[in-house]
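Colleague: Could you take one part of this model and go through it closely, residue by residue? I would like to know which parts of the chain come together there and how well covered the side chains are.

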Amino acid sequence: MQTSTKRLVIGGLILLGIACVAVSVLYFSRSADALPAFVPGHEAGVTRHHTKHGLAMLGLAVVCWAGAWMASGTGRPGRAR
């Protein structure tokens, strides 16, 4: 992979992870009826929080950051000693 493409992929994964954390905070802090209409889980008249959705978004953030970490490697195997 070329250096510019590699940096673009790494940066995109990091930004996607940050967005996932922001959405998870939204799920934890607002009830289902207070969520914006474009967010999955919006239900009119429901006062409970979507804790599972928030945990899933945190898990996706960790996966994105792990992918960025893996993509930032050199791409060649280490030398055996």
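Modeller: I will start from Trp65, which has its place in helix α2, residues 51-71. The model is predicted, so what follows describes computed coordinates. Trp65 has a relative accessible area of 36%, and because the partly exposed class runs from 20% to 50%, it falls into that class. Trp65 belongs to a nonpolar patch on the surface, together with Ile14, Leu15 and Ile18. The accessible area of these four residues together is about 390 Å². Helix α1, residues 3-29, is the main contributor to the patch, with three residues.

The surroundings of the patch can be followed from helix α1. Leu13 lies in that helix and is partly exposed, at 23% relative accessibility. Once residues up to four places away in sequence are set aside, Leu13 touches Trp65 of the patch, and also Cys64, Gly67 and Ala68. A longer step along the chain leads from Leu13 to Trp69: they are 56 residues apart in sequence, and their C-alpha atoms are separated by 9.3 Å.

Leu16 is another residue of helix α1. Leu16 counts as partly exposed, with 45% relative accessibility. Its C-alpha atom is 6.8 Å from that of Cys64, although 48 residues of sequence separate them.

Gly67, one of the residues touched by Leu13, is found in helix α2. Gly67 has a relative accessible area of 27%, which makes it partly exposed. Between Gly67 and Gly17 the C-alpha separation is 9.9 Å, for a pair 50 residues apart along the chain.

Next come the cysteines. Cys20 has its place in helix α1 and is buried, with a relative accessible area of 8%. Leaving out residues up to four places away in sequence, Cys20 touches Met57, Leu60 and Ala61. From Cys20 to Leu55 the C-alpha distance is 10 Å, with their positions 35 residues apart in sequence. Cys64 is buried too, at a relative accessible area of 9%.

Are Cys20 and Cys64 bonded or unbonded? A disulfide is a covalent bond between the sulfur atoms of two cysteines. The search over the whole structure returns zero disulfides. Cys20 takes part in none, and the nearest cysteine sulfur to its own is that of Cys64, 4.9 Å away. Seen from Cys64, the closest cysteine sulfur is in Cys20, and the 4.9 Å gap is too far for a bond, because a disulfide needs the sulfur atoms within 2.5 Å.

Ser24 is a further buried position of helix α1, with a relative accessible area of 1%. Which residues does Ser24 contact, leaving aside its neighbours within four places in sequence? They are Gly54, Met57 and Leu58. Met57 is thus in contact with Ser24 and also touched by Cys20.

The rest of the picture is that of the chain as a whole. It has two helices and zero strands. The radius of gyration is 18 Å, well over the 12 Å that the globule rule gives for 81 residues, so the chain is more spread out than a compact globule. Along the principal axes, the C-alpha atoms fill a box of roughly 60 × 30 × 15 Å. Of the 81 residues, 19% count as buried; Ser24, Cys20 and Cys64 are among them. The chain exposes about 6000 Å², and 67% of that area comes from carbon and sulfur atoms. For contacts between residues at least 6 apart in sequence, 49% join residues at least 24 apart.

Note on methods
Residues are numbered from 1 along each chain as its sequence is written. This is a predicted model: local features need pLDDT of at least 70, side-chain atom pairs count only at pLDDT 80 or more; totals for chains, interfaces and linings use all residues. Side-chain values use heavy atoms; hydrogens and water are left out. Patches are made of residues with over 30% relative accessible area and no salt bridge: like charges are joined within 9 Å, nonpolar side chains (Val, Leu, Ile, Met, Phe, Trp, Tyr) within 5 Å. Accessible areas come from the Shrake-Rupley method with a 1.4 Å probe; for residues, only the protein chains shown count as cover. A salt bridge is a side-chain nitrogen of Lys or Arg within 4 Å of a carboxyl oxygen of Asp or Glu. Helices (H or I, at least four residues) and strands (E, at least two) are DSSP runs, numbered from the N terminus. Buried means under 20% relative accessible area, exposed over 50%, partly exposed in between (1.4 Å probe, protein chains only). Contact means heavy atoms within 4.5 Å. The radius of gyration is taken over C-alpha atoms; the globule rule is 2.2 Å times the number of residues to the power 0.38.
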